[in-house]
Amino acid sequence: MTQPSAAITFVVKYLAELPAIYNEVYKEQMEIANSKKPGELLNWDDIQKMRYSWNVACEVMRLAPPLQGAFREAINDFIFAGFSIPKGWKLYWSANSTHRNPECFPEPEKFDPTRFEGNGPAPYTYVPFGGGPRMCPGKEYARLEILVFMHNVVRRFKWEKLLPGEKIIVNPMPIPAEGLPVRLHAHKA
Ligand code: HEM
């Protein structure tokens, strides 16, 4: 499984679980769909209009970051949270624990896409794509993939999860244990 497909899987999961959020995404995507001529493809301007949908995808990646963290090397001695870290040590930074820190994200368990409105989260608190000079260079491509997927699937379908209590396993990316089976309901024409 690739990182964009992990992100998309969790978009499908959360939109099945949160009908009010699904409805807002649907509204935004139908406005864009209805502004197109029959058969006209999505273009760059349409992607820029998908603000709410992207906030939803960001909130999905906050709660289920496809890459849970990565490694760094300390270039100097420093002290972090009372621990003395010597120069040269390998460190693992964890997106998951930062994303669920109530000091960075009040009520961290709550799914709330409005966290990304305005200036959004403070720098280096929201790190699904990492940060600094080695930040993910595929971020913008991933954004395009996720939003184009959301547009096409939400326009056509609503869906329900077939296994409400399905477990999530992490190996090394988070993935629903049974492959997230869903039942699709096509919108009436
Ligand atoms: C939702 C999708 C994706 C997520 C969440 C993601 C996340 C990440 C993260 C956390 C890192 C480590 C950054 C760091 O150490 O600071 C990374 C690195 C990287 N990603 Fe992504 N990624 C995604 C999609 C992609 C795509 C689509 C591509 C390529 C087309 C890509 C290519 C890379 C490369 C080449 C690196 C290594 C960069 C370096 O070490 O300089 N990623 N990604």
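Helices (H or I, at least four residues) and strands (E, at least two) are DSSP runs, numbered from the N terminus. The structure is a predicted model, where local features need pLDDT of at least 70, side-chain atom pairs count only at pLDDT 80 or more, and totals for chains, interfaces and linings use all residues. Residues are numbered from 1 along each chain as its sequence is written, and side-chain values use heavy atoms, with hydrogens and water left out.

**Exercise 1. Lay out the chain.**
Task: Find how many helices and strands the chain has, and in what order they run.

Solution.
- Step 1. Counting the elements gives six helices and eight strands.
- Step 2. Reading from the N terminus, the order is α-α-α-α-β-β-β-β-α-α-β-β-β-β.
- Step 3. For the overall dimensions, a box along the principal axes that holds the C-alpha atoms spans roughly 65 × 35 × 30 Å.

**Exercise 2. Describe the surface and the charges.**
Task: Work out what share of the residues is buried, and how the charged side chains are arranged.

Solution.
- Step 1. Of the 189 residues in the chain, 39% are buried; buried means under 20% relative accessible area, exposed over 50%, and partly exposed in between (1.4 Å probe, protein chains only).
- Step 2. The chain has an accessible surface of about 11,600 Å², and carbon and sulfur atoms account for 58% of that surface.
- Step 3. There are 23 positive and 20 negative side chains, with Lys and Arg counted as positive, Asp and Glu as negative, and His and the chain ends not counted.
- Step 4. The centres of the two sets are 3 Å apart, taking NZ of Lys, CZ of Arg, CG of Asp or CD of Glu as the place of each charge.

**Exercise 3. Map the ligand shell.**
Task: Identify which residues are closest to the ligand, and which polar atoms face it.

Solution.
- Step 1. The ligand is surrounded by 18 residues, each with a heavy atom within 4 Å of it.
- Step 2. The closest are Gln3, Arg72, Pro128, Arg134 and Cys136.
- Step 3. Helices α1 (3-17) and α6 (139-156) each contribute at least two residues to this shell.
- Step 4. Turning to atom pairs, an N or O atom in the side chain of glutamine 3 is 2.7 Å from a ligand nitrogen atom.
- Step 5. Two ligand distances involve oxygen: 2.6 Å to a polar side-chain atom of arginine 134, and 3.3 Å to a polar backbone atom of glycine 131.

**Exercise 4. Check the backbone geometry.**
Task: Locate the cis peptide bond, and say where alanine 81 and glutamate 107, with their positive phi, are found.

Solution.
- Step 1. Recall the background: most residues other than glycine have a negative phi, and most peptide bonds are trans.
- Step 2. The bond between asparagine 171 and proline 172 is cis, with omega about -15 degrees. Proline 172 sits in the loop between β6 (168-170) and β7 (174-176).
- Step 3. Alanine 81 has a phi of about 50 degrees and belongs to the loop between β2 (78-80) and β3 (83-85). Alanine 81 counts as exposed because its relative accessibility is 62%.
- Step 4. Glutamate 107 has a phi of about 45 degrees and lies in the loop between α5 (95-99) and α6. Its relative accessibility is 56%, so glutamate 107 is classed as exposed.

**Exercise 5. Place glutamate 140.**
Task: Decide whether glutamate 140 is buried, exposed or partly exposed, and find its polar partner.

Solution.
- Step 1. Glutamate 140 is in helix α6.
- Step 2. With a relative accessible area of 39%, glutamate 140 is partly exposed.
- Step 3. Its side chain makes a polar contact with the side chain of arginine 143 at 3.3 Å; such a contact is a pair of N or O atoms within 3.5 Å, and within protein one must be able to donate a hydrogen and the other to accept it, while residues adjacent in sequence count only if both atoms are side-chain atoms.

Methods
Accessible areas come from the Shrake-Rupley method with a 1.4 Å probe; for residues, only the protein chains shown count as cover.
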